Amino acid sequence: MTATPMTTTDAGAAASAQAGTRRSGNPFAMLRRALVYVLLSIAAFVSVFPFFWMIVGTTNTSADIIRGKASFGSAFFDNAATFFTQVDALRVFWNSAVIAIVGTVLTLAISSLAGYSFEMFRSKVRERIFALLLLLLSIPFAALMVPLFVMFAQAKLVNTYVAVILPTVASIFIIFYFRQATKAFPSELRDAAKIDGLKEWQIFLYVYLPVMRSTYAAATIIIFMANWNNYLWPLIVLQTAENKTITLIVSALTSAYTPDYGMILFGTVLATLPTLIIFFLLQRRFVEGMLGAVK
Amino acid sequence: MPQARLDRREHITGWAFIAPALILLGLFMIYPIVWSLWMSFQVGKGMNLSFGGLANIERLTKDAVFQRALGNTFIFFIVQVPIMIGLALLFAVALNDSTLRFRGLFRTAIFLPCVTSLIAYSTLFKSMFATNGVVKNALMTLHLTDGPIPWLTDPFWAKILIIIAITWRWTGYNMIFYLAALQNIDRSIYEAARIDGVPAWARFRYLTIPMLKPVILFTTVISTIGTLQLFDEVQNITQGGPSDATLTLSLYIYNLTFKFMPSFGYSATVSWVIVVLVGILSFIQFLIARDRRSA
Amino acid sequence: MNRIVSRRVRALGLALTGVSFLSVASAMAGDVTVWAWDPNFNGATMTEAAARYTAINPGANIIIDDSASQDDIRAKLQTQLLAGSTDGLPDIVLIQDDVAQKYLQSFPGAFEPLSDTIDMSVFAQYKVAAATLDGKSYSLPFDSGVTGLFYRSDYLEQAGFTADDLKDITWDRLVEIGTTVKEKTGHKLLDLDLNDTGVIRMMIQSAGKWYFAEDGSLDIIDNAPLKKALETYAKFYQADLVNPVSSWAEYTGSFTSGNTAMVPVGVWITGTIKANADQSGLWGVAPVPRLDIEGSVNASNQGGSSWYVLASSDNKEEAIDFLKTVWGSDVDFYQQILVNQGAVGSLLAARDGEAYKASDAFFSGQPVWQDFSTWLSQIPSVDYGTFTAEVDDAVKAQLPGIIQGGDVTAALQAINDQASQQMQ
């Protein structure tokens, strides 16, 4: 993918300043602007409404939710109490957190190293390998599950966090993402560091990593989300209740003989909270990070 | 980006940095895939397997359910991907205007859906689109429909629902890529075009689109793979029904392995169909990309 | 910059040392682990059973995991049996009767035959038959799926009917009653989910028929009960008596919120209905209608499951002894799970207990458990075979066409074609 030319800042700023003064007063421009606001408002409403619905749901009884009640109720504490008596929340949160955090750190380390290397040290063989990896990206996980399970069973690792985390750590998508982002990494920085006598691993750790922190922030969100929401593989490989993640537990609640909607929605809010928090913490860096990936 | 020839040490570093990822991918991806390639020549039930040559391929050609799943996957691909990419582009262009108010708010809101946990998202969509759900109430209040739309119980509408669900969840994600790319584009080109009296639609068509082409290609590839792997939504919202209207290839593989009388050889064959399909699609995309370069 | 870097390195190091602590010990030897799928139903009954057993055998430790759904348990079981790995499997697992033969036949040797050590004649015979292969029975029968027609007695009354009008009727007669009920009260007769063949299966089993012939081969095209069942299914829609639903939650939500007049379903739904205490006195149960053909009776089955012991278990003797001691003979235990969970067990002797004779205020004093016991003894036994899931999917594929008035004979042909393709 090609890099875009550098901006001629002064000309651009002057032009948009000019445009800014001219814009006010033009009825067509104003109409268009109004349309843009309407469009974006609708999009934002549609995007956010289900969240509102979910939060309203946590305050209503199961019966009210089924009737489609869309206003706040008073059952919030009952729902919370039911949830906490039925689910060992601390335990499942701990499991989810360990899996998601350790998984994210390891994925960042291993996959960014590989992405960096694929871009920085190009060779014919490595290019071929990269092309092959892109093809493998498309294989549905369901197809790999049985052989994977056999491997972990032979290694006596079934029902461990290791078994959940390890297969996700080398992520082709994240390698791909870091390779794209590395294209924007100024090679002069590397050359300068080499002249200063830094070894390759030092360049990666002390130069590349700090410069690319936005890219890492964006990747953190993507990987954390994927790990936190991972369903199929943890379902198969985690056997005992005390090792299960919040995603598995909440999902099972929905298929009880007598599903308690209020309690389930309380659980889904709880299960969504950590990814939301991570997103809001890293949000500014996230957009910058995505920017790097598409240059 | 042109790269100087690598020296010996860089070559070694190149391999060393990739090694951890390659070892893990070899273990947890390549090995299971090769295993499943071998399995695709096996026939039999459960653990009683024997070599069947091309019997599974032959079975595939007569399998109406497989053809339905393939057809559905293609419909989702052909209908949903363009809608999503179009909307994402539209929002990105609208949000790229630096004089727009509440940009951050709109951007965050539209991005929010892709941070939801899968379980929250599927529970919400099922309840909102239930026969007497909040969507029906809203549409009837707005007099857009005079009766409930059978979102989940009619083959046609169930497909639409899945398309709505995926679009809801992933439009913001794609939008961020475009937004990031747009911010890279030299503003002065736009202003020059504007001063020359080029209308907005033409600026979009002849300036924005060509400059975003690499990113559009990137997101198209990612969405193509996402569609071919489509599993979470259909498994959790419609279970592939009604009447297999939302059955996808991934869900069919899951059913063959875990729901039906286990015939693992056959489900491995279906997995390999996806690999071959992606191979073909990637090749087409490669040809398009090469055309662009030579033009 | 250096300080930041070293902090990062330290953080990374910390994370890596963390990995070595990640292995979690699995259940200790000597424990008996059990998989069930609903903490308020079968999980709760197992907890009660475990408490009774540990009271007699203080050394025993029975661990119940009811944190996964039934689908999840099937996926886990199937993966591990396919992988030939037994490490992660429990000692006892709950399996629904209609998929039991699939497991028994495709994974020979994976389950422990119980008929050698436990006398199977004390259980309802149709339950034992579902888990019998080559003369050996592999399960300790748990709950019965004996069906009843649960109905809102207030709606029925408003429409001018009495409870007797629902006794021993045909489905065709129910369509007529349902039409009147809808005219008078505005409530539709049934909830139906096009992704679920429960009602159709209930209908064909009442005629002693399933999807297969005696030798296990497909029997669809000349399957008269199936044809009649599909025609009846279409009638519900043509008479506009159906609230369409599309998930378990929506299904239960519709009848517990008073939308729907009646629910033909397995007895295990009782707990769900009674969970709405404000509807006490508004419900009754009638025998399930029969098909209007020769051989169909007013009794059938839906769901129901049984306990299986894994042959790989390290604690087979203890697991079997546990099942035998509590589930195989404790009549009082069965009274308690009936009262607390609404679980109708399969131990015949339990039927003579106090709880089974009691009448239920929620059902306006109807002796519901006695009624269910009566119907239970009349359920025709059928062989569920090994390909029920495949045929179910083939049936589901035709339902949207059938309810729009499509030709049932053609649909049977299509079901036959798809199912025979899938049964390779």
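User: UniProt positions are given in the numbering used here, and annotations may be inferred rather than shown by experiment. Which residues of chain A does UniProt list for "transmembrane region"?

Analyst: First, a caution: this is a predicted model. The UniProt record, an unreviewed entry, lists residues 34-56, 92-118, 130-152, 158-178, 203-226 and 261-282 of chain A as "transmembrane region".

User: Take 203-226. How much of that stretch of chain A is helix, and how much strand?

Analyst: Residues 203-226 of chain A are 96% helix and 0% strand. The C-alpha atoms at the two ends lie 29 Å apart.

User: And what about 130-152 of chain A?

Analyst: That stretch is 65% helix, again with 0% strand. Its end C-alpha atoms are 26 Å apart.

User: Which residues of chain A does the "domain: ABC transmembrane type-1" annotation cover?

Analyst: According to UniProt, again from an unreviewed entry, it covers residues 93-282 of chain A. In the model, that span is 76% helix and 0% strand. Its end C-alpha atoms sit 21 Å apart.

User: What does the domain assignment of chain A give?

Analyst: It gives domain 1, residues 9-80, and domain 2, residues 85-293. Their C-alpha centres lie 30 Å apart. The contact takes 10 residues from domain 1 of chain A and 10 residues from domain 2 of chain A.

User: How much area do those two domains of chain A bury between them?

Analyst: About 900 Å², with 79% of it on carbon and sulfur atoms. On the domain 1 side, M54(A), S62(A) and N79(A) supply 46% of the area buried against domain 2 of chain A. No other three residues supply more.

User: How many salt bridges cross between domain 1 and domain 2 of chain A?

Analyst: The rule finds zero salt bridges there. The count of residue pairs in polar contact, both at pLDDT 80 or more, is also zero. Helix 2, helix 3 (62-66) and helix 4 (76-86) of chain A each supply at least two residues of the domain 1 side. By class, that side has five nonpolar, five polar and no charged residues.

User: Now chain A against chain B. How many residues are in contact?

Analyst: Chain A puts in 101 residues and chain B 86. The two chains bury about 8,900 Å² between them. Carbon and sulfur atoms carry 77% of that.

User: How many salt bridges there?

Analyst: Two, by the rule, across the interface of chain A and chain B. One pairs E10(B) with K194(A), and their closest N and O atoms are 3.0 Å apart.

User: Why can side chains of opposite charge pair?

Analyst: They can pair when their charged atoms come close.

User: How many residue pairs are in polar contact between chain A and chain B?

Analyst: Eight, with both residues at pLDDT 80 or more. On the chain A side, helix 2 (residues 27-57) gives the most, with 17 residues. By class, the side of chain A that touches chain B divides into 67 nonpolar, 22 polar and 12 charged residues.

User: On to chain C. What does its contact with chain B involve?

Analyst: It involves 29 residues of chain C and 33 residues of chain B. The buried area is about 2,800 Å², and carbon and sulfur atoms give 53% of it. In chain C, the residues losing the most area to chain B are L82(C), Q421(C) and Q422(C), together 18% of what that side buries.

User: Which residues form a salt bridge there?

Analyst: D393(C) and K259(B), with closest N and O atoms 3.2 Å apart. The count between chain C and chain B is one salt bridge. There are also 11 residue pairs in polar contact across that interface, both residues at pLDDT 80 or more.

User: Which elements of chain C each supply at least two residues to the side touching chain B?

Analyst: Helix 3 (70-83), helix 4 (97-106), strand 9 (242-245), helix 16 (388-403) and helix 17 (408-422) of chain C. Helix 16 of chain C gives the most, with six residues. By class, this side of chain C has 11 nonpolar, 13 polar and five charged residues.

User: Last one. How many salt bridges over all chains?

Analyst: The search of the whole structure finds 32. One within chain B joins E191(B) to R194(B), with closest N and O atoms 3.1 Å apart. Both residues lie in helix 8 (residues 187-195) of chain B, three residues apart, about one turn of the helix.

Definitions and conventions:
Residues are numbered from 1 along each chain as its sequence is written. Chains are lettered from A and ligands numbered from 1 in the order in which they are written. This is a predicted model: local features need pLDDT of at least 70, side-chain atom pairs count only at pLDDT 80 or more; totals for chains, interfaces and linings use all residues. Side-chain values use heavy atoms; hydrogens and water are left out. Contact means heavy atoms within 4.5 Å. Buried area is the accessible area (1.4 Å probe) that two parts lose on being put together, summed over both. A salt bridge is a side-chain nitrogen of Lys or Arg within 4 Å of a carboxyl oxygen of Asp or Glu. A polar contact is a pair of N or O atoms within 3.5 Å; within protein, one must be able to donate a hydrogen and the other to accept it, and residues adjacent in sequence count only if both atoms are side-chain atoms. Helices (H or I, at least four residues) and strands (E, at least two) are DSSP runs, numbered from the N terminus. Ala, Val, Leu, Ile, Met, Phe, Trp, Tyr, Cys and Pro count as nonpolar, Asp, Glu, Lys and Arg as charged, and the others, Gly among them, as polar. Domain bounds come from an automatic or database domain assignment.
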